[in-house]
Number of protein chains: 2
Amino acid sequence: MGIVARKEKQKQEIRSLILEASMKLFVEEGFSKVSVRKIAERIQYSPTTLYLYFKDKNEILFHCCESGFEKMLSQNIALTLINDPIERLHQMGVNYLNFGLENPEYYDLMFIQDAPMCALHDMGKGWSSGDQALEALKMVVHEAMQKGLLVSTKVETVAMAVWGMVHGLVSLAIRQRLDKLVPAEDMEQTMHDSLDWLLKTMKKA
Amino acid sequence: MGIVARKEKQKQEIRSLILEASMKLFVEEGFSKVSVRKIAERIQYSPTTLYLYFKDKNEILFHCCESGFEKMLSQNIALTLINDPIERLHQMGVNYLNFGLENPEYYDLMFIQDAPMCALHDMGKGWSSGDQALEALKMVVHEAMQKGLLVSTKVETVAMAVWGMVHGLVSLAIRQRLDKLVPAEDMEQTMHDSLDWLLKTMKKA
DNA sequence: TAAATATACTTAACAGTGTTAAGTTTTCAA
DNA sequence: TTGAAAACTTAACACTGTTAAGTATATTTA
């Protein structure tokens, strides 16, 4: 069975090749410019070959997403060192804002486009890394409530509020909706101010 | 000069015809299904005719957006009756959430897609109705601070936080990102809970 | 009134998109 | 060496936004 295993390994290698080319392409040229033909050209294959390794373009984008989540989670490792759950939640928010602003193309794919969600639906699979981040968020909110640092409410309510806000800020910024509210040079700072304000405000008196 | 005025009026009528057809189309079939050819077919014109009335597709979508903003603002008229600025801000948020959930296609265009912003940029114009809504938001925050109902900070910080959150909730919901956090049947309620929570929380003790 | 001009609109095409069916080349086992 | 299976490509379909060139239809001028 060594031979069939090697075949499988080769297949995985080409899958990786396709995904790496895709990611390079949309980091360099932006998400909207990624096309099946351009990906194929980069790896010197015919466009139709990609369909032997992935069901459709959405599925390719879905897998790019997954590596985006890993990228995002990797910056959160140092987080476990922070004891105060509010402070930890705050830092999670800061990391989230920074990730979004520094990787707008990835962010777009992970949280704004619906192509990846279509793929996810078609495949009947779950997010794994995405769910993991969500679980961490709920956990820290729960901990803060248990320690009496937050007024006790449904965990989902607060988790949704916090995620909603940071996502709202990043996605409005990415889509140029904040330009009229605040000058470009103050934008990043104001976004962080808003986050600071939320966490200071929600802290139990 | 009556004749040139009539000509101008006819031109405006065809512009309206195009816009109405576009809006019907994307309310019925969704934003992503709107194409120049389909719009043209609806009004029994050749696709290229549309380019005699609008610079490109983005410009058409931009004007659809504008009527979306009017739709949105129209539901905010009753708002001026509310005296308490916090209560008014709350109701603005409620209206925002409802508009987004009831008109996801419009919302998509107005706050998520970047086609309209491209058009806006190309035309060198401003949002008018969009800016108006933003001004109203800043105003109510300002008023709440002046009346001592909110801790005084930069108005933009709080306005951005509140808008960020409601936009975050709506856009995450529209793009199916909240499905894993909360069951579908509780989603709308939880979104409103989050908004309630924010406003209760930010109210000065 | 007839010719010239300006307006309104269409046809045909370009260059691109995702995707599929059918055909070809390569690889490998019997 | 032959035959089957796997890997890959060519050609095509049905779309997309957009433009250049051509055709009718009004309107203005001589």
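These exercises walk through a predicted model of two protein chains and two DNA strands.

**Exercise 1. Work out how chains A and B are related by symmetry.**

Step 1. Take the superposition. A rotation of 180 degrees, with 0.0 Å of shift along its axis, places chain B on chain A. The RMSD is 0.0 Å.

Step 2. Recall the general rule. Two copies of a chain are related by a rotation about an axis and a shift along it.

Step 3. Draw the conclusion. The two copies are therefore related as by a two-fold rotation axis.

Step 4. Check the contact surface. Of the contact residues of chain B, 100% recur in chain A, and the same surface serves both copies.

**Exercise 2. Describe the side of chain B that touches chain A.**

Step 1. Count the residues. Chain B brings 36 residues into contact with 37 residues of chain A.

Step 2. Find the elements. Those giving two or more residues to this side of chain B are helix H6 (104–112), helix H8 (129–146), helix H9 (155–174) and helix H10 (184–202).

Step 3. Pick the main contributor. H9(B) gives the most, with 13 residues.

Step 4. Sort by class. This side of chain B has 18 nonpolar, 10 polar and eight charged residues.

**Exercise 3. Examine helix H9 of chain A.**

Step 1. Get its length. H9(A) covers residues 155–174, which is 20 residues. From first C-alpha to last, H9(A) reaches 28 Å, close to the 28 Å expected at 1.5 Å a residue.

Step 2. Judge its cover. H9(A) is mostly covered, with 17 of its 20 residues buried.

Step 3. Look past its end. Gln176(A) follows H9(A), and the phi of Gln176(A) is positive, near 60 degrees.

**Exercise 4. Find which residues surround each DNA strand.**

Step 1. Start with DNA strand C. It is surrounded by 18 residues. The closest are Ser35(A), Val36(A), Asp56(A), Lys57(A) and Ser46(B).

Step 2. Name the helices at strand C. Helix H2 (36–42) of chain A and helix H1 (2–29) of chain B each supply at least two residues of the surface near DNA strand C.

Step 3. Turn to DNA strand D. This strand also has 18 residues around it. Here the closest are Ser46(A), Thr49(A), Ser35(B), Asp56(B) and Lys57(B).

Step 4. Name the helices at strand D. Helix H1 (2–29) of chain A and helix H2 (36–42) of chain B give two or more residues to the surface near DNA strand D.

Step 5. Sort by class. The surface near DNA strand C has seven nonpolar, five polar and six charged residues. The surface near DNA strand D has seven nonpolar, five polar and six charged residues.

**Exercise 5. Split chain A into its domains and describe how they meet.**

Step 1. Read the assignment. Domain 1 of chain A is 1–54, and domain 2 is 58–202.

Step 2. Place the centres. Over C-alpha atoms, the centres of the two domains are separated by 29 Å.

Step 3. Count the contacts. Nine residues of domain 1 are in contact with eight residues of domain 2.

Step 4. Sort the domain 1 side. Its residues are seven nonpolar, two polar and no charged.

**Exercise 6. Decide whether Phe69(A) is buried, partly exposed or exposed.**

Step 1. Locate it. Phe69(A) lies in helix H4 (residues 57–74) of chain A.

Step 2. Count neighbours. Phe69(A) has 18 C-beta neighbours inside 10 Å. A buried residue needs 20 or more, and an exposed one has 12 or fewer. Phe69(A) therefore counts as partly exposed.

Step 3. List its contacts. Leaving out residues up to four places away in sequence, Phe69(A) touches Met110(A), Ser129(A), Gly130(A) and Ala133(A).

Key: Residues are numbered from 1 along each chain as its sequence is written. Chains are lettered from A and ligands numbered from 1 in the order in which they are written. This is a predicted model: local features need pLDDT of at least 70, side-chain atom pairs count only at pLDDT 80 or more; totals for chains, interfaces and linings use all residues. Two residues are in contact if their C-beta atoms, placed from the backbone, lie within 7 Å. Helices (H or I, at least four residues) and strands (E, at least two) are DSSP runs, numbered from the N terminus. Ala, Val, Leu, Ile, Met, Phe, Trp, Tyr, Cys and Pro count as nonpolar, Asp, Glu, Lys and Arg as charged, and the others, Gly among them, as polar. A residue is near a molecule or strand if its C-beta atom, placed from the backbone, lies within 6 Å of it. The expected span of a helix is 1.5 Å times one less than its number of residues. Domain bounds come from an automatic or database domain assignment. Copies are superposed by least squares on the C-alpha atoms of residues with pLDDT of at least 70 in both.
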